Amino acid sequence: MYEKLSVFEDKLIQLENDLSNIQIINDSKLYQQKAIEHAELEPIVLKYREYKKTLDTLNENKELIKEKLDDEFRELVKEEISESEKKLEILENDLKILLIPKDKNDNKNVIMEIRAGAGGDEAALFAGVLYRQYTRYAERSGFKVETISTNEIGIGGFKEAVFMIIGNGAYSRLKFESGVHRVQRVPETESGGRIHTSTATVAVLPEIDDVEVEINQSEIRFDVFRASGNGGQCVNTTDSAVRLTHIPTGIVISCQDEKSQLRNKEKAMKLLRAKLYDLKLQEQNEQESEQRSSQIGTGDRSERIRTYNYPQGRVTDHRINFTTHKIDAINDGDLNEIIDALIAYDQTQKISNIDKTN
């Protein structure tokens, strides 16, 4: 595998020459494209050069130790060989991580949908907990939250909440949150103290650009209506709400959180592009079932991925057998421990796939 990396090194040298070419410098679009390629390749090549240098040192010392050496110098060479071998092992793992195919959506903003599942009002209350959990995570991470639509039940819960989390790398951090989240707790409305089990579903979609998904405007029906619920007098007295129907797929999206009909329409179109892109990905995943089964980010949306057990203060992610007893911190958006564990697991699986093909 590592011999193949010399191709990357040659490509990086070529890109460095291109970036100093006056004709390319004057073509801003081409220059930007070359600069992005350079930025993606440079970490791999620098790590590869370090690997080669360490390997050369190891081989030199292995040849040296074959010669007649005094005891003190021989021990010194042995130590250097041991250090080089340990360093090579670390560098090999680093290279494998760098060679994992990049998800082109990782740096994008996220559209999240949270829907109450089984459990009536308790499920809606749990959906509200998840909504606050992810918005708090966004705040902690320096991301911005923008609401697309909500359907509240009036006692602090949601039948549905759709919102964007805006920030570089938001999708890379949250893409493994899709699936069914289960809660086990005593509802506030339960007088007998019995533990109930309820669910809510979470969908995480990358924000998709216009050019990535082509939409035929003639296949969309737009309806406008008067917004209802919270939002102020202006919202409730104008036809600012928008309902979008994508005729070929039957996808229906309503957006009423903005006072402007145009802004509601823009948000609805963003959500439609993300949903159409997601449908396309799901079709690809079904065709590539073997690859799908080895990755945690492309699983069945109906899969139960996590349980929040309040009596035990426990949160368990079933995909990676990860358990923590910091349920209050997690509900307050402190998700990094779980997210880091999911990313590490995903990298391990992908490294294993790289090893199998080499």
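Helices and strands, as I use the words today, are DSSP runs, numbered from the N terminus, with at least four residues for a helix and at least two for a strand. The model before us is a predicted one. On that basis, Asn321 falls in the loop between β10 and β11.

I shall stay with Asn321 for a moment. Its phi is near 55°, a positive value in a residue other than glycine. As a general matter, most residues other than glycine have a negative phi. Is Asn321 buried or exposed? Because its relative accessible area is 70%, above the 50% cut-off, Asn321 counts as exposed.

Let me now place that loop in its surroundings. Strand β10 covers residues 314–317, and β11 covers residues 322–324. The two pair in the antiparallel sense over three bridges, with Thr316 standing opposite Thr323 in β11. Together β10 and β11 form a hairpin with four residues between them, and Asn321 belongs to the turn.

On the other side of the sequence, β10 has a second antiparallel partner: strand β9, residues 304–309, is joined to β10 by four bridges. Here Asn309 stands opposite Arg314 of β10. β9 and β10 also form a hairpin with four residues between them, and Gly313 in that turn has a positive phi of about 60°.

What covers the faces of β10, or rather, which of its residues lie on each side? Arg314 and Thr316 are on one side, Val315 and Asp317 are on the other, and all four are buried, so that both faces of the strand are covered. In a regular strand, side chains alternate between the two faces of the sheet.

I turn to the interior. The largest nonpolar core has 35 residues, and those with the most contacts inside it are Met112, Ile114, Leu130, Tyr134, Ile165, Leu174 and Tyr308. Among the elements that give two or more residues to this core are β1 (110–116), β3 (158–166), β5 (196–206) and α11 (336–356). The most comes from α5, with eight residues.

The surface offers a contrasting case. Ile22, Ile25 and Tyr31 form a nonpolar patch there, with about 270 Å² of accessible area together. Ile22 lies in helix α2, residues 22–25, and is exposed, with a relative accessible area of 54%. In soluble globular proteins, nonpolar side chains tend to be buried together.

Finally, the record. An unreviewed UniProt entry annotates residues 48–94 and 255–282 as "coiled-coil region". In the model, residues 255–282 are 79% helix and 4% strand, and the end C-alpha atoms are 25 Å apart.

Conventions. Residues are numbered from 1 along each chain as its sequence is written. This is a predicted model: local features need pLDDT of at least 70, side-chain atom pairs count only at pLDDT 80 or more; totals for chains, interfaces and linings use all residues. Side-chain values use heavy atoms; hydrogens and water are left out. UniProt positions are given in the numbering used here, feature names are shortened, and annotations may be inferred rather than shown by experiment. Patches are made of residues with over 30% relative accessible area and no salt bridge: like charges are joined within 9 Å, nonpolar side chains (Val, Leu, Ile, Met, Phe, Trp, Tyr) within 5 Å. Accessible areas come from the Shrake-Rupley method with a 1.4 Å probe; for residues, only the protein chains shown count as cover. A salt bridge is a side-chain nitrogen of Lys or Arg within 4 Å of a carboxyl oxygen of Asp or Glu. Buried means under 20% relative accessible area, exposed over 50%, partly exposed in between (1.4 Å probe, protein chains only). Two strands pair if DSSP finds at least two bridges between them. A nonpolar core is a set of buried Ala, Val, Leu, Ile, Met, Phe, Trp, Tyr and Cys residues joined through side-chain atoms within 4.5 Å.
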